[in-house]
There are 2 protein chains.
Amino acid sequence: MSDGPVLSARHLDEEALQTIHETSLTILDEGGIAVGHEGARERLAEHGADAEDDVVTLPPEMVESALDAAPSSFTLHARNPDNDVVVGETPVYAPAYGASNVLTLDGTRRNSTLDDYERLTKLVQSVDAINCTGFSVCEVSGVDSAAKPYEMLQRSLLLTDKPVMGDTFGYDRAEASLDLVSIAVEDDSLSKPYVAGQITPVSPRRLSGHMAGGLLAYAERQQPLVFASAVMAGATGPATMAGTFALANAEVLFGITMAQLVSEGVPVVYGTPAANFDMHATSLATGSPEGALATAFSGAMADFYGLPSRAGGCLTDAKTIDDQAGSESATHLAATVAADTDFVLHAAGMLEAYATVSPAKFVLDCERIQAAQRLQSGYEVSEETLALDLILDTEPGGDFLSERHTLTHAREEHFTPDVADRTAYEQWDRDGQRSAGQRGADRARELLDDYDRPPIDEAVKADIEAYVDEHV
Amino acid sequence: MSDGPVLSARHLDEEALQTIHETSLTILDEGGIAVGHEGARERLAEHGADAEDDVVTLPPEMVESALDAAPSSFTLHARNPDNDVVVGETPVYAPAYGASNVLTLDGTRRNSTLDDYERLTKLVQSVDAINCTGFSVCEVSGVDSAAKPYEMLQRSLLLTDKPVMGDTFGYDRAEASLDLVSIAVEDDSLSKPYVAGQITPVSPRRLSGHMAGGLLAYAERQQPLVFASAVMAGATGPATMAGTFALANAEVLFGITMAQLVSEGVPVVYGTPAANFDMHATSLATGSPEGALATAFSGAMADFYGLPSRAGGCLTDAKTIDDQAGSESATHLAATVAADTDFVLHAAGMLEAYATVSPAKFVLDCERIQAAQRLQSGYEVSEETLALDLILDTEPGGDFLSERHTLTHAREEHFTPDVADRTAYEQWDRDGQRSAGQRGADRARELLDDYDRPPIDEAVKADIEAYVDEHV
């Protein structure tokens, strides 16, 4: 509705991006990436990479060709086609991914369970702000590790009808995810992009056997790969952000190249969710300004390559839902929106630097996303919106409250929060002085009470369940 | 240190800004502003404005001339010249202004007192993030209203040596502020800009007698005027943001024109801290996306005019220091920084849509400002920061922790928070599970305990006190 987006994050010029690109090419050409998967190394060697030992180096032309082959956008299909998303055109928001703890609605912090996975997945289905179900919305405990990915993805597929992500931990688990999704979408050959898999290198310069296997499985079946190199400046990368980004970029380019060699044109998403290591706290700092810089970089570099970008959403290092959680999450989200990020993982629910997920914060983050989108959409400047006659007709000291123009435009022009409190102090006091965290928990309970399971063909549901039963 | 600022907010093109400008000129030419001060109306009429009744209309040429006369930057001098700031070059951060309630460090909300004013002013002096003392850091109760401005400004001048703002409520109170500052800076004629006064119209289209008087007093003595038109979209302005900004712009242009007619070249700061009226909560929403849009607009329009901009800093509608307070404050701050705002009023301490100030939130906001500045400063891309050799020399799976490059750069490249918690959960738990609000209060107490009164010439101090004693 506006002249343009309100916030933008274009801080590096073409020359700086080109310099980082060339540095990354040199890292791949002269240093290379250690790949813990023999089959993957062989595949790369077949295409001309130097893979004499575990470390694979890539000539620059091979990387450049891969970048040329990767598409600038693609549709990620959902089992309900109404929920398909075009990655690279409309921003995709996926929930927290991989947290092994949950902060429950009654405030207890403990290991995540399948019940938590269900609750969080139901919330995903219930809100407009999140348009991708993700995967591992929590990393569950108490389930046999072989059975876990089946149990998790089954719930993603049955409790939501939004596009999903799948397991990437090794070729076999990835294959299982791909098979399960193919059943849900009734497309055995996965003829379109239906399930995205995240690939995370081990910085510096390693791709584990499991991740390489996952990459192969998705690439072979032309399913989208979301690359995420989470270099920690000062620990797994140089302290300087430029060096950390050059390293992260090299790791992502390696993955993109491998994917394109396996299957030319396979959709990829470019992501460098780097951050910094806090020397004082001796911990990863995800809610830091440096983390937000990584998001700005990810958007800029992806644009340079003409690829969709992935970056972190509402990230924080806070342990509880407090001012720090809100502040860090909102700052990182502002950078995410400003960088025109195409695929926002960890958009909602995250606390404690990826360690804990919270359904109450999930709700608050969803509202934060909607407010940020409202800010970013700006406003129209036109005769109707300038309202000159109305202004001239309103006496000095008068008001616009009951004007038709006001009633017509207020609803569309003003964001109305569901959870944030804007009442007078006295009203807030009468309502029990509820903090945002408490109101988020209240709203999460309401959403769970009102949750409706999306329809699914009974035969398809039976096939999914049979496949899972067979494997767990 | 970077290629450029990370976030920017240039959402309106020249044509849209020109359209808003012309709409505002028409509002002033055809509608005008009601001015509740006979002397002011006479002054305007002398210069060719139409001031036949209370409503003064301005011909467009008069406004354009005033805009040409106003400087693009100016130095605001402090009684300690080390603390001078160049408004229009280096961002100026001033604390909360005008809140009549305080949320004390022990969590009680009550009317603000002179003791609160002292505590908040001491905090201003203690932190690097705030480089202007402001004025009315809380609007105190329990003091005779005639004595109040003297009591307040005396504390601003004695407890800090940063540049100050002064009273603008009527000609006489403004004069008193100007005299008091002239004593503190030992410059009877106020030969340089020493004290800034904020002028707020009453939207729509009114300038009260008190504000007009304050404006006259500051302009006559060539002291800077900070204009702030806080139109509420949907209540005191049209619901559409474009219309609200056109109205706010007209009100600010009126003030700027009046100031330049009184004293050509007097420094002015352009500000439209508009927001929206929430129809559901029936209240002003300052932490809204629309409020942040007003900040983006203020920066863009000020740039269009070649004037320094004023916009709101860490604003929120939250009643307590919670996720909402952090989120809204950080979002508005991101917009403030992105808009390249020159003069940030309400930078620290505000809660409850201007109604309450909190010393604990003051501390958190200061850290938020420093983190936002770190984000905005970006990072250098150079041979040293790309660290190619270091990356190539570090084995796959190795680390950079004890490298000299890391130790050299981490301190300058990474922001280290004072209050935000980044420790492991176990450590945070052992430390008593302190929320950000509690940690902010702890830090505020420490700062107050460690506060040092800035030196002042004893004779000057005696003169200030004598002047105040004479008038209260």
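Here are a few notes on how the two chains of this predicted model fit together, plus a look at one residue in chain A.

1. Start with the symmetry. Turn chain A by 180°, with 0.0 Å of shift along the axis, and it lands on chain B with an RMSD of 0.0 Å. The two copies are thus related as by a two-fold rotation axis. Both copies use the same surface, too: 100% of the contact residues of chain A recur in chain B.

2. Now the interface itself. Chain A puts 116 residues in contact with 116 residues of chain B. Between them the chains bury about 9000 Å², and 66% of that is on carbon and sulfur atoms. On the chain A side, the residues that lose the most area to chain B are Asp323(A), Tyr379(A) and Arg422(A), which together make up 9% of what that side buries.

3. As for polar links, there are nine salt bridges between chain A and chain B. Have a look at the one joining the side chains of Asp278(A) and Arg422(B), at 2.6 Å from N to O. Polar contacts across the interface come to 43 residue pairs. Helix α10 (residues 323-338) of chain A gives the most to the side touching chain B, with 11 residues. That side of chain A splits into 58 nonpolar, 34 polar and 24 charged residues.

4. Finally, His346(A). You'll find His346(A) in the loop between β17 (343-345) and β18 (350-351) of chain A. Why does His346(A) count as buried? Because its relative accessible area is 5%, and the cut-off for buried is under 20%. Leaving aside residues up to four places away in sequence, His346(A) touches a set of residues including Ala94(A), Tyr97(A), Arg310(A), Cys314(A) and Tyr354(A).

Terms used: Residues numbered from 1 in each chain as written. Chains lettered and ligands numbered in written order. Predicted model: local features only at pLDDT ≥ 70, side-chain atom pairs only at ≥ 80, totals over all residues. Heavy atoms only, no water. Least-squares fit on C-alpha atoms with pLDDT ≥ 70 in both. Contact = heavy atoms within 4.5 Å. Helix = DSSP H or I, 4+ residues; strand = E, 2+ residues; numbered from the N terminus. Buried < 20%, exposed > 50% of the residue type's maximum accessible area, 1.4 Å probe, protein only. Buried area = accessible area lost by both parts, 1.4 Å probe. Salt bridge = Lys/Arg side-chain N within 4 Å of Asp/Glu carboxyl O. Polar contact = N/O pair within 3.5 Å; in protein donor to acceptor, adjacent residues only side chain to side chain. Nonpolar A, V, L, I, M, F, W, Y, C, P; charged D, E, K, R; others polar.
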